[in-house]
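Please look over the structure shown here before turning to the report on its cores, cysteines and one loop residue.

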Amino acid sequence: MSYYFSIIGTRDNPLFEADFGTSKVGGDGIARFRDEAKHMNQFIVHAALDLVEEAQWSTKDLYLKRVDTFQNNHMHCFLTGGNVKFMLLMNPDPASTPYSAHPTAPPSRPSTARQSMLLASNPSSPQTEDAVRQFMLEVYEAWTKCIMNPFYDVNQTVTSPVFRGRVLTAAKKYL
């Protein structure tokens, strides 16, 4: 399972980006996206913003759950009070997505009984939704601390290594 996490500002500009893999049940925490997928991930996230803007007015919740699915990629979104969007792209098997079908792509691992218990086995399950929600809430707490810095300007790219570390720690803990 590979993840691409992005924070999108109020002007639809990326403020923070990170990609990582699962750390559960033998995962090493390394994203398995191919080079061309990194650019596609940005495109998929920005394409999902239209769906987020439609969905944000139909609910009072900040966590919008899964808002979009595209070629085995599942988009989850969390809104902040300042209309900053936390977007998480989940890809259960990056080697099986059409844009990563390259002759040098590493073969996908065969499914085992132990893997069926992973979050990746069913991206729309309640366990997955709860894990993603917990991840988003922990990142939101770190985000709130980050933007309270008096030297932070609205819609400024976040370059703090402490913030990046907290995001990756939350990913390791929940995803």
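This is a predicted model, in which local features need pLDDT of at least 70 and side-chain atom pairs count only at pLDDT 80 or more, while totals for chains, interfaces and linings use all residues. Residues are numbered from 1 along each chain as its sequence is written, and side-chain values use heavy atoms, with hydrogens and water left out.

The largest nonpolar core (buried Ala, Val, Leu, Ile, Met, Phe, Trp, Tyr and Cys residues joined through side-chain atoms within 4.5 Å) has 29 residues, and those with the most contacts inside it are Phe5, Leu88, Phe135 and Phe163. At least two residues of this core come from each of strands S1 (2-8), S2 (14-21) and S5 (85-91) and helices H2 (126-147) and H3 (161-174), where helices (H or I, at least four residues) and strands (E, at least two) are DSSP runs numbered from the N terminus. H2 gives the most, with 7 residues. A second, separate core of 17 residues includes Tyr4, Val67, Met75 and Met87.

Leucine 88 is in contact (heavy atoms within 4.5 Å) with residues including Tyr3, Phe20, His76, Val132 and Leu175, leaving aside residues up to four places away in sequence.

Accessibility is classed as buried under 20% relative accessible area, exposed over 50% and partly exposed in between, with a 1.4 Å probe and protein chains only.

| Residue | Relative accessible area | Class |
|---|---|---|
| Cysteine 77 | 0% | buried |
| Cysteine 146 | 15% | buried |
| Asparagine 72 | 29% | partly exposed |

A search of the whole structure finds 0 disulfides, a disulfide being a pair of cysteine sulfur atoms within 2.5 Å. Asparagine 72 lies in the loop between strand S3 (63-70) and strand S4 (73-79), and its C-alpha is 9.6 Å from that of proline 123, although the two are 51 residues apart in sequence.
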